[in-house]
Amino acid sequence: MRLAPAAAVALPVLAAHAAPLAEPVCENTDVVILGAGVAGLTAAQTLQDNGVNNFLVLEARGETGGRLYSHEFAGHTVELGANWVHGPGKADGNINPMWTMVQKANLNTVETNNEEHVLYPADNVKNIAAALEAAGNATDKVFVDAINLLQNNLEDRTYRAGQRLYGWDPRKTDPAEQLADWWYWDWGAASPPEMHSEEDRFVCDEPGFVSALRNTVSSVLDRVRVNNKVTSIKHDLSGVTVTSNNGCVNAKYAIVTFSLGVLQKGDVKFDPPLPDWKAQGIAGFEMATYTKIFLKFPTSFWDKEKFILWADPHVRGNYPVFQPLDLDGLYEGSNILVATVTGERAYRVESQDPEVTKQEIYDILRKMYFDRDVTYPEDIYFANWSKWDWAYGSYSYWPASTSLQEHQNLRANVDSVFFAGEATSQEFFGYLHGAYYEGKHVAEFLAPCIKVNQAGCTEKKYDVLTGVTPYDLYNPDNGWYIKGNGVPGN
């Protein structure tokens, strides 16, 4: 249908005289917290505990918890993200705050250690056991060596270089040595013995690990706005304007608790762009991907051990560890088995059809248990950590030769924008309690500024990076709060 000539002229004339679109009306608050994970919710609770009540929390997902992610699978609650409380602590020392949360929530936990395992293939057990012992001995020496480098302001070296110095250099073609290497590094990216007590507690309870966090911060959950994906942050010394898919918020301060992966991808635009020292700090660290694959079987045919290790004869890290969840004290009778992959193998699992993954795991289990009735998995589920645009990975880690100063730049504020999360914790990066401590720190730092309406509160940063971190810089100004046995960390 064609418009008449008069109508064709009238339309643009009417449009020209139409009222201009109104500018969006932003909500106002003192502090806007971006992200409702451990760091964000801890920051919110800490602000409230310190008398600051005018704040909001924006969360991209439809629920709180962040990478502390409990999920319903096969009639049980499983943990896609964090599953352990690492080093609960001792009564006469530092107690992991996540352990305190778990205890208050009365969640079921089971003590685990890496020695509770069974080895496969059966015809290679002797070699695997010897490789595990050699890798473990070298690892202990590497950690002692790392502390010496730190205390004496010596040049850093890679973990692999340290291993070689202490006799561990796994052959690429030796399946036993490749499994042992994966177990002592990829499995947990193990941290120094000084950081932990001797036990780890595996959380396995129907309310889910995330319920411990939610119980602790229950008084601030009504401040959380879910399904608010942040797209831009406009900032200067006087305040911030945060825009999401559901509107905008003006605040005196913003606390950004996005994962390092989100910051690196640049999906959230900063106006003006972040300065070079901050951009370098963000770019200088890495995100790991640690994927747990949950499988439901018709029957339980596997060993009743905490860990079942598989030395693949061809590919390093190819479904190297399985964990039964139907053990005593866990989900008895559930017939759920968990396979874990990391790095390149995790990316591969994320990119292929889940049915392919089921078949691959089934084929390996048949090789392991060739003399048993191995049933085919009924169901499968896993997280897509590297794909999800609110995560882009599981947790952060330091590359070799990265200085404390560069990490402090990752942590430091830009104008009225502050940063917190597991990645900004120098002592406990990659861990839930790192996120907790950083959320608590930034809120305690900002509370006095907000109470006296003080602009320009700022954290320490470094315009020039010197490479080696002098030992005396390991102090609270640079994010080190806990000391044990004469070295940072506990």
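**View 1. Y369 and its ring partner F301.** In this predicted model, Y369 is buried, with a relative accessibility of just 1%. Of the 30 aromatic pairs counted here, one is made by F301 and Y369: the arrangement is edge-to-face, at 6.0 Å centre to centre and 75 degrees between the planes. The two rings come from distant parts of the chain, 68 residues apart. F301 sits in the loop between strand 15 (290–296) and strand 16 (307–310), while Y369 sits in the loop between helix 11 (354–368) and strand 19 (379–382). F301 counts as buried too, at 7% relative accessibility.

**View 2. Two tryptophans, W385 and W388, edge-to-face.** The ring centres of W385 and W388 are 5.3 Å apart, and the planes meet at 75 degrees, so this pair is edge-to-face. How accessible is W385? It has 1% relative accessibility and is buried. W388 has 18%, which still counts as buried because the cut-off is under 20%.

**View 3. A cluster of rings.** Ring pairs join W84, W182, W183, W187, F202, Y290, F307 and Y395 into a cluster. Two of its members, W182 and W183, are also among the buried residues of helix 6, which gets its own view next.

**View 4. Helix 6, wrapped up by its surroundings.** Helix 6 covers residues 175–184, and 9 of its 10 residues are buried, so the helix is largely enclosed by the rest of the structure. The buried ones are A176, E177, Q178, L179, A180, D181, W182, W183 and Y184. What do they pack against? The neighbours are helix 4 (125–151), helix 5 (159–165), strand 16, strand 17 (321–324) and strand 18 (336–342). At the start of the helix, look for D174: one of its side-chain oxygens comes to within 3.0 Å of the backbone nitrogen of A176.

**View 5. The annotated binding site at E59, A60 and V230.** The "binding site" label on these three residues comes from an unreviewed UniProt entry. They span 172 residues in sequence, yet no two of their C-alpha atoms are more than 8.2 Å apart, so they gather at one spot. A60 belongs to the loop between strand 2 (55–58) and strand 3 (70–73), and is partly exposed at 34% relative accessible area. Leaving out residues up to four places away in sequence, A60 touches N227, N228 and K229. V230, by contrast, is buried, with a relative accessible area of 8%, and is placed in strand 10 (residues 230–236). With the same sequence neighbours left out, V230 touches L34, L58, V242, T243, S244, F258 and V268.

**View 6. R61 over two rings, with G66 alongside.** R61 lies over the face of Y69, 4.0 Å from the ring centre. R61 also lies over the face of W390, here at 4.7 Å from the ring centre. Both R61 and W390 turn up again in the contacts of G66, which touches A36, G37, R61 and W390 once residues up to four places away in sequence are set aside. G66 sits in the loop between strand 2 and strand 3 and is buried, at 11% relative accessible area. For a longer-range check, pick the C-alpha atoms of G66 and T257: they are 191 residues apart along the chain and separated by 9.7 Å.

**View 7. Strand 3 and strand 4 as a hairpin.** The two strands pair in the antiparallel sense over 4 bridges. H71 stands opposite V78 in strand 4. The hairpin has 2 residues between the strands, and A74 takes a positive phi near 50 degrees. Strand 4 (residues 76–79) is covered on both faces: H76 and V78 are buried on one side, T77 and E79 on the other.

**View 8. S416 tucked in beside D236.** Where does S416 lie? This residue is in the loop between helix 12 (404–411) and strand 21 (417–419). S416 is buried, with 1% relative accessibility. A polar atom of the S416 side chain lies 3.0 Å from the backbone oxygen of D236. Neighbours within four places in sequence aside, S416 is in contact with D236, L237, S238, G239, V240, K252, Y253 and A254.

Conventions
Residues numbered from 1 in each chain as written. Predicted model: local features only at pLDDT ≥ 70, side-chain atom pairs only at ≥ 80, totals over all residues. Heavy atoms only, no water. UniProt positions renumbered as here; feature names shortened; annotations may be inferred. Buried < 20%, exposed > 50% of the residue type's maximum accessible area, 1.4 Å probe, protein only. Contact = heavy atoms within 4.5 Å. Phe/Tyr/Trp six-rings, centres within 6.5 Å; stacked < 30°, edge-to-face > 60°. Lys NZ or Arg CZ within 6 Å of the ring centre and 35° of its normal. Polar contact = N/O pair within 3.5 Å; in protein donor to acceptor, adjacent residues only side chain to side chain. Pairing = 2+ DSSP bridges.
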